[in-house]
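The following exercises are to be worked with the sequence and the coordinates at hand. Each task is followed by a stepwise solution.

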Amino acid sequence: MKQDIVFWELIQHFVMKREYRILHISPDHMEVWLEGLNHKKAPIIRLHRQDLDWSSWLQRDIENASHHVVNFKNQLRKRSLQALNIYVSSYPPVDDWEFRVHEPYINNKAELRTVVIHEGNIHQAVGEISNLTGDEVRIDEDMIMDDEGLQHLKQQVLNASSQRVKMEQSIFQHGKPLFTYLFIFLHLVMFYLLETNGGSQNPETLVKYGAKYNPAILEGEWWRFFTPVVLHIGVLHLLLNTMALFYLGTAVERIYGNARFLIIYLFAGFAGSLASFVFTSSLSAGASGAIFGCFGALLLVGITHTKLFFRTMGMNILVLIGINLAIGFTIPGIDNAGHIGGLIGGFLASAAVHLPRHKKLFTRIFGLGAAVGLTYFLLLQGYDSENPNLLLSQAETLLQQEDIGEAKELLSKLEGRENEYPEVLFYLSFINIKEGRLEEARDQLERLTAIAPEFHEAHYNLAIVYLELDEIEKASASINKAIEIDSTGENYLDLQTEINHLLENN
């Protein structure tokens with residue numbers, strides 16, 4: 001009876017005080033596997049109430065337990081895993097046994113340390129368990145308890161474990177995905193409309209259907225902060241964002257519920273478009289900002305339920321955020337401002353609405369205030385007459401209207417900042433081409449392609465200038481580079497054909 005009490009006291013300590021989860025319990029309640037991934041020294045603990053006889057049985061059982069630890073390691077996708085194996089016995093094995101537990105048993109990078117507790121070493125063994133777990137374990141060796149008391153202790157532990165599991169499940173199952181599937185449907189419908197009305201990679205078509213286009217926003221088309229969320233540029237862009245929304249959106253909508261998810265998703269999409277409006281002048285579209293908002297919503301889950309977050313999805317979410325941001329910073333053409341804006345917007349919106357059944361009044365007020373403050377600040381920046389991206393957008397509009405003088409005046413305000421804003425060189429070279437100063441245009445485009453080698457329009461224009469200056473070989477190299485970066489432009493292919501024909505005749 002005494003060792004039964006010790007056995008359940010240990011389980012009570014790990015489950016109720018250290019918040020380990022019961023992974024498995026045998027039908028006779030004599031073997032229990034616990035998981036506590038936040039406890040780095042002993043993320044897996046196995047307790048076995050077994051009166052030991054021969055040490056050979058102990059060795060076989062240790063080897064068998066190690067196979068289970070290897071399975072846990074594989075399920076958790078960890079390179080290595082430590083586990084603690086505790087036997088509670090009335091007496092030690094009758095033969096020599098200490099050497100079998102002196103060193104950890106290692107099997108396929110799964111390390112299993114074993115402690116045997118018997119009536120003659122309880123204090124010493126509990127101290128060893130404390131060292132191995134990094135946590136002071138206390139049990140009352142002198143506790144006296146009858147069968148009814150022991151049964152009550154057992155039930156208390158099992159009830160606590162069951163309640164924790166139900167609580168965790170309720171966090172992840174608050175609602176069924178509805179708006180996630182609606183947005184996926186809108187992705188497909190809008191992509192079909194784009195493809196059948198000029199093409200999803202056609203700038204004019206994208207502008208017509210609501211892409212983020214700074215000049216139009218500046219003229220009052222505020223809805224362009226929202227409409228880019230359902231537009232995508234090319235099949236690959238559509239597939240990547242739709243798959244990400246399917247996996248992330250369904251998770252977030254289940255956790256937050258339908259109404260909260262809709263608010264988070266729309267505000268994150270708006271924040272991503274707004275950040276893109278402020279920090280980039282290029283045409284853009286896509287659900288990436290809103291999807292990064294889903295990352296932000298999951299980060300709030302991590303702050304609110306840290307242990308649960310890292311035991312379930314935490315590291316995967318952090319790694320995905322890091323990978324996506326790294327891709328955005330290293331691959332040209334990706335609107336990283338929109339990604340970061342969406343991430344922050346999603347986090348603040350989720351803080352404002354918060355998780356179901358969580359009052360958290362201070363957090364909600366903070367989230368709402370920060371979201372309003374961020375929006376106000378970015379709108380001020382975006383509509384600031386000295387904002388470089390605003391100046392570039394206005395210059396682009398003026399050039400489309402053939403108001404070259406006014407465009408030159410605006411671009412002059414960015415003199416000396418060409419490395420930071422290479423579009424300045426592009427627009428100035430365009431003006432020089434229009435006014436017949438081809439040598440100046442050539443010099444500007446050569447500088448531009450050195451600063452921004454993935455700027456395919458610059459390579460195309462440079463090919464045209466080279467062709468006008470009768471530098472056909474250089475024109476060929478430039479148009480080939482433009483097509484290498486973007487092979488979808490018909491104008492590019494037509495110019496390449498013309499240049500190749502000239503080269504053949506020469």
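**Exercise 1.** Classify Lys474 by its relative accessibility, and do likewise for its salt-bridge partner.

*Solution.* The model is a predicted one. Step 1: the class "partly exposed" lies between the limits of 20% and 50%. Step 2: Lys474 has a relative accessibility of 43%, so Lys474 counts as partly exposed. Step 3: the side chain of Lys474 meets that of Glu471 in a salt bridge, at 3.4 Å from N to O. Step 4: Glu471 has a relative accessible area of 21% and is therefore partly exposed.

**Exercise 2.** Determine which parts of the chain the salt bridge between Glu418 and Arg447 ties together.

*Solution.* Step 1: the N to O distance of this pair is 3.8 Å, and the cut-off for a salt bridge is 4 Å. Step 2: Glu418 belongs to the loop between helix H17 (404–412) and helix H18 (423–434), whereas Arg447 belongs to helix H19 (residues 438–451); the pair therefore ties together parts 29 residues apart in sequence. Step 3: Glu418 is buried, because its relative accessibility is 9%. Arg447, at 39%, is partly exposed.

**Exercise 3.** Establish whether the partners in the salt bridge of Glu136 and Arg138 are buried or exposed.

*Solution.* Step 1: the closest N and O atoms of Glu136 and Arg138 are 2.9 Å apart. Step 2: the relative accessible area of Glu136 is 52%, so Glu136 is exposed. Step 3: Arg138 reaches 63% and is likewise exposed. Step 4: for the wider setting, the model has 18 salt bridges by this rule, and a network of salt bridges links Lys408, Glu435, Arg437 and Glu440.

**Exercise 4.** Describe the open sheet and the helices that pack on it.

*Solution.* Step 1: the six strands follow the order E1-E2-E3-E4-E6-E5, with mixed pairing. Step 2: strand E1 (21–25) and strand E5 (105–107) are the edge strands, each pairing on one side only. Step 3: from one strand to the next, the twist averages 20 degrees. Step 4: helix H2 (residues 55–76) packs on the sheet, and its direction makes about 145 degrees with that of E4. Step 5: helix H4 (residues 122–133) also packs on the sheet, touching E3, E4 and E6, and its direction makes about 160 degrees with that of E6.

**Exercise 5.** Identify the helix that contributes the largest share of the nonpolar surface patch.

*Solution.* Step 1: the patch consists of Tyr181, Met243, Phe246 and Tyr247, with about 450 Å² of accessible area together. Step 2: helix H9 (residues 235–256) supplies the largest share, three residues. Step 3: Tyr247, found in helix H9, is exposed at 57% relative accessibility.

Methods:
Residues are numbered from 1 along each chain as its sequence is written. This is a predicted model: local features need pLDDT of at least 70, side-chain atom pairs count only at pLDDT 80 or more; totals for chains, interfaces and linings use all residues. Side-chain values use heavy atoms; hydrogens and water are left out. Two strands pair if DSSP finds at least two bridges between them. Helices (H or I, at least four residues) and strands (E, at least two) are DSSP runs, numbered from the N terminus. Axes are lines fitted to C-alpha atoms, for helices over the stretch in contact, and angles run from 0 to 180 degrees between N-to-C directions. Contact means heavy atoms within 4.5 Å. Patches are made of residues with over 30% relative accessible area and no salt bridge: like charges are joined within 9 Å, nonpolar side chains (Val, Leu, Ile, Met, Phe, Trp, Tyr) within 5 Å. Accessible areas come from the Shrake-Rupley method with a 1.4 Å probe; for residues, only the protein chains shown count as cover. Buried means under 20% relative accessible area, exposed over 50%, partly exposed in between (1.4 Å probe, protein chains only).
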